[in-house]
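Here's a quick look at a protein model, going from confidence to pockets to ring contacts. Have the structure open while you read.

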Amino acid sequence: MKRVVYITILLLLFVPVVNAQQLVFDHTEWFFGTIAEESGVVEHTFTAKNQSSSPALILDVIASCGCMKPEFKRQPVMPGGE
């Protein structure tokens, strides 16, 4: 049993630490307020900066309402890029 614990600890020490906060957004939500349909289309752009040393890839964007159509670039965000 001790042998398994020691091996597990050694493996954890050698696993590289992954930074979960690769992309830092300027803000994460936006409130449009009340919108009249006849006013036309409204839009807002969310910007994220890759603060890691490796490319980040956005796989999916989900809107909280079915009336919104999120669009995003499907290419990797390079380190330091937006």
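## How far to trust it

Confidence varies along the chain: helix α1 (residues 2–14) has the lowest, with a mean of 52, while strand β2 (residues 48–50) has the highest, at 89. Then there's the stretch over residues 13–19, where pLDDT is below 50. Apart from near neighbours in sequence, that stretch has 0 contacts in the model.

Keep in mind that this is a predicted model. Across the chain the average pLDDT is 76, and 74% of the residues score at least 70.

## The largest pocket

How much space lies in the largest pocket? About 1,700 Å³. It's lined by 41 residues, and H44, F46, V61, P70 and E71 are the closest to its centre.

As for the make-up of that lining, you'll find 23 nonpolar residues, 10 polar and 8 charged.

## Rings and charges

The count of aromatic pairs comes to 0. The ring of F72 does have a charge over it, though: the charged end of R74 sits 4.3 Å from the ring's centre.

Key:
Residues numbered from 1 in each chain as written. Predicted model: local features only at pLDDT ≥ 70, side-chain atom pairs only at ≥ 80, totals over all residues. Heavy atoms only, no water. 1 Å grid on protein atoms, 1.4 Å probe; cavity = no way out; pocket = protein on both sides within 12 Å on 5 of 7 lines; lining within 4 Å. Points joined across faces, edges and corners; volume = space filled by probe spheres on them. Nonpolar A, V, L, I, M, F, W, Y, C, P; charged D, E, K, R; others polar. Phe/Tyr/Trp six-rings, centres within 6.5 Å; stacked < 30°, edge-to-face > 60°. Lys NZ or Arg CZ within 6 Å of the ring centre and 35° of its normal. pLDDT = per-residue confidence, 0-100. Helix = DSSP H or I, 4+ residues; strand = E, 2+ residues; numbered from the N terminus. Contact = heavy atoms within 4.5 Å.
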